[in-house]
Amino acid sequence: MTKLRLAIIGAGPAGIYAADILLKAEREFDVSIDLFDQLPAPYGLVRYGVAPDHPRIKGIITALREVLDRGDIRIFGNVRYGTDITLDDLQKHYNAVIFATGAVHDAALGIPGIDLEGSYGAAEFVSWYDGHPDYPRTWPLDAEQVAVIGNGNVALDVARVLAKHADDLLPTEIPGNVYEGLKTSPVTDVHVFGRRGPTSVKFTPLELRELGELRDVDMILYDEDFDYDEHAREVIAGNKQVLVIDRVLQQWRQREVGQASRRLHLHFYAKPIGFVDDGEGRVGAIRYERTAPDGQGGVIGTGEIRELPVQAVYRAVGYFGSPLPGIPFDKRHGVIPNHEGQVLHTKDNTQFYGVYATGWIKRGPVGLIGHTKSDAMETVSHLINDLGNWWTPSDPSEAAIVELLRSRGVEYTNLDGWHNLDAHELALGEAEGRTRVKVVDRDEMVRVSNRPQ
Ligand SMILES: Cc1cc2nc3c(=O)[nH]c(=O)nc-3n(C[C@H](O)[C@H](O)[C@H](O)COP(=O)(O)OP(=O)(O)OC[C@H]3O[C@@H](n4cnc5c(N)ncnc54)[C@H](O)[C@@H]3O)c2cc1C
């Protein structure tokens with residue numbers, strides 16, 4: 001029987017779902033899958049993106065873990081494609097590869113002052129508070145007034161973590177250094193800026209509602225943003241999600257405010273156009289233009305420029321994929337060019353045989369974890385049908401890749417290693433009466449994973 005030796009690069013939800021779907025698919029060949037990730041632990045942004053105070057979503061890890069625990073997928077953690085293994089290696093040892101490398105960096109925002117001290121990307125901050133091993137252990141939380149740019153769920157995550165009292169995050173899995181950092185924050189006001197109106201936000205109702213439940217934080221809304229035009233009223237009447245969002249906002253507008261020590265402001269029709277230097281190279285204020293509805297769901301600038309003093313700005317304007325050595329890349333959209341997951345050469349759009357993409361690196365950084373499942377189905381069905389076009393590796397044995405990594409001195413982790421790390425983190429948590437305490441340092445993650453039991 002033909003055998004497919006498949007490499008999957010990226011052990012986030014997209015990579016794990018792809019492996020699972022392929023193993024369960026009706027097919028006329030055997031399958032052997034090796035799943036690689038640059039991090040010593042699997043689960044991608046579920047572990048390093050989803051906010052720590054969203055335990056229900058973090059719980060998706062349990063379902064992903066069940067897939068891995070079946071034992072029919074080999075995991076190689078702490079192995080980076082492009083450094084530890086290359087396309088040449090993959091072509092020597094596998095019939096095909098699926099890239100599921102996601103998108104981990106902030107999209108650019110080209111406005112004046114973006115490089116000032118105190119201007120941060122949401123992805124960097126998220127990586128810090130979620131304990132990503134490749135980010136600094138400390139975060140400069142010295143601002144009293146903070147701006148967050150963006151009207152999606154990541155902006156809400158960032159605003160919520162900034163506004164929340166550190167003690168209210170303690171029951172979560174935040175690492176010790178993150179708790180200590182947040183505890184020192186002198187923040188009083190977090191301002192979220194969206195250039196459109198309340199009926200055009202990309203928040204989901206559940207995430208929005210959560211803001212209103214924060215202890216000792218007042219929600220501040222501005223009457224000038226709620227003078228709805230005909231188009232906005234039609235959107236509310238015709239879209240259930242917008243209707244719920246509007247209800248939540250209207251309820252907050254009725255609330256008594258003034259007692260809380262922190263405030264979370266939502267500014268709509270406010271388009272950031274620059275950050276003002278405080279004279280010492282730091283952010284001193286955010287400058288924004290007041291916009292107005294154009295009657296068709298968009299906005300136009302009014303020419304009215306405003307400034308608000310802030311000492312830090314976080315831009316949550318989207319994530320962006322990174323290019324991978326030897327693999328085509330669409331620089332404009334930050335994805336691997338593909339047709340339903342079949343990777344295409346950039347120069348002539350023909351199929352790059354043997355190479356596939358799934359998840360955020362396939363279709364861009366939008367959508368929830370569940371969407372990566374349907375993505376994977378599409379990609380895997382093409383992989384199965386392309387049988388005649390797979391690579392013909394010179395050494396497809398399962399031992400070969402292990403020998404290769406060893407010969408290069410790559411200290412990889414495996415499924416047992418993840419079990420060790422998981423148990424260790426849970427034990428650290430138990431000792432402190434918390435669910436889990438994440439290990440942040442990469443070397444320590446590898447050491448704990450690979451220590452003999
Ligand atoms: C801040 C934030 C909060 C979110 N909150 C939610 C939420 O509450 N609910 C929800 O449903 N969705 C949420 N999402 C979306 C969700 O995280 C994504 O839909 C999902 O993680 C995308 O899956 P993926 O596997 O494509 O990418 P990822 O999860 O990013 O996984 C990619 C994996 O590839 C690895 N990798 C990258 N490059 C290499 C390389 N060169 N070599 C080896 N490995 C590599 C990475 O280490 C990573 O493990 C959130 C996203 C963000 C950014």
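**Guided tour: from Pro198 to the open sheet**

Select Pro198, and then the residues in contact with it (heavy atoms within 4.5 Å): leaving aside neighbours within four places in sequence, these are Asp225, Phe226, Tyr228, Ile245, Leu249, Phe268 and Tyr269. The structure is a predicted model in which local features need pLDDT of at least 70 and side-chain atom pairs count only at pLDDT 80 or more, while totals for chains, interfaces and linings use all residues. Residues are numbered from 1 along each chain as its sequence is written, and side-chain values use heavy atoms, with hydrogens and water left out.

Remain at Pro198 and display the secondary structure. Helices (H or I, at least four residues) and strands (E, at least two) are DSSP runs, numbered from the N terminus. Pro198 lies in the loop that joins β8 (189-193) to α10 (205-211). Pro198 has a relative accessible area of 2% and is therefore buried, the term for under 20% (exposed is over 50%, partly exposed in between; 1.4 Å probe, protein chains only). Add Thr188 to the selection: the two residues are 10 apart in sequence, and their C-alpha atoms are 24 Å apart in space.

Next, select strand β1, residues 3-9, of which six of seven are buried. Two strands are said to pair if DSSP finds at least two bridges between them. Show β2 (residues 30-36), which pairs with β1 in the parallel sense over seven bridges. Within this pairing, Val31 is the bridge partner of Leu4. Now trace the chain from β1 through helix α1 (residues 13-24) to β2; this β-α-β crossover is right-handed, that is, with the strands pointing away from the viewer, the path from the first strand over the helix to the second runs clockwise.

Turn to β4 (residues 96-99), which also pairs with β1 in the parallel sense, over four bridges. Here Ala7 has Val97 as its bridge partner, and Ile8 stands opposite Ile98.

Widen the selection to the open sheet of seven strands, ordered β3-β2-β1-β4-β18-β17-β16 with mixed pairing. Its edge strands, β3 (73-76) and β16 (338-339), each pair on one side only. Helix α1 packs on this sheet and touches β1, β2, β3 and β4, its direction making about 170° with that of β2. Such angles run from 0 to 180 degrees between N-to-C directions, with axes fitted as lines to C-alpha atoms, for helices over the stretch in contact.

Finally, select helix α14 (residues 371-385), which lies across β1, β4, β16, β17 (342-344) and β18 (351-357) and runs at about 145° to β18.
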